[in-house]
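User: I am new to this structure and would like to understand how its descriptions are justified. Could you take me through the reasoning step by step?

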Amino acid sequence: MAPIAVGDVIPDGTVAYFDEQDQLQQASIHSLAAGKKVILFGVPGAFTPTCSVKHVPGFIEKAGELKSKGIADILLISGKDSGMINDPFVMKAWAKTYPHNKDVKFLADGSASFTHALGLELDLSEKGLGTRSKRFALVVDDLTVKVANIESGGEFTVSSADDVLKAL
């Protein structure tokens, strides 16, 4: 499957998260992104070094600048298959490691079905890590991809908050 690209409509999929009242919720990606401009960024795994120290903190720190450029919501998605899953409980625990975060919503794609629909799987089985999401950042305006910054392998060169800001 070809990866998602600029001009494509994002596929729909169901993600799970804990809301402000600590209640488990499920939502469709389309319900979260329809009618507004959002950033949807994906990471290979919760609590992993590059994701936790560089990628996620960048979006938290730059949220104000991103919102000043018309971004309504910043949506982080992570999900794996091969038996290792970033479920909503893992994502909730990971979100708690960023106590000052008010703008990035941590979403679980537990079965990686949305990641698969995007064509953004990364097979790290030979390293014992299973199939995960590639690292990516998409700017989506009313469900249509306007910016698609997709990393090769496990790199972190084009999908940072700064890279997204440059593209806006």
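User: How much accessible surface does the chain have, and what share of it belongs to carbon and sulfur atoms?

Analyst: Bearing in mind that this is a predicted model, the accessible surface of the chain comes to about 7700 Å², and carbon and sulfur atoms account for 51% of that area.

User: What makes the chain as compact as a globular protein of its length?

Analyst: The chain, which contains six helices and nine strands, has a radius of gyration of 14 Å, and the globule rule gives 15 Å for 168 residues; the two values are close, so the chain is as compact as a globular protein of that length. Along its principal axes, the C-alpha trace spans about 40 × 40 × 30 Å.

User: What percentage of the residues is called buried?

Analyst: A residue is called buried when its relative accessible area is under 20%, and 47% of the 168 residues in the chain are buried.

User: Which residues of helix α4 are buried, and how do you know on which side of α4 they lie?

Analyst: In helix α4, which covers residues 88-95, the buried residues are P88, M91 and W94. These residues cover an arc of only 120° around the axis, and therefore they lie on the same side of α4. As a general point, an α-helix has 3.6 residues a turn, so residues three or four places apart point the same way.

User: What do the buried residues of α4 pack against?

Analyst: With contact taken as heavy atoms within 4.5 Å, the buried residues of α4 pack against the strands β1 (14-18), β2 (24-28), β4 (73-78) and β5 (104-108), and also against helix α2 (49-61).

Conventions
Residues numbered from 1 in each chain as written. Predicted model: local features only at pLDDT ≥ 70, side-chain atom pairs only at ≥ 80, totals over all residues. Heavy atoms only, no water. Helix = DSSP H or I, 4+ residues; strand = E, 2+ residues; numbered from the N terminus. Rg over C-alpha atoms; globule rule 2.2 N^0.38 Å. Buried < 20%, exposed > 50% of the residue type's maximum accessible area, 1.4 Å probe, protein only. Areas by Shrake-Rupley, 256 points an atom, 1.4 Å probe, with all protein chains shown as cover. Arc of directions from axis to C-beta.
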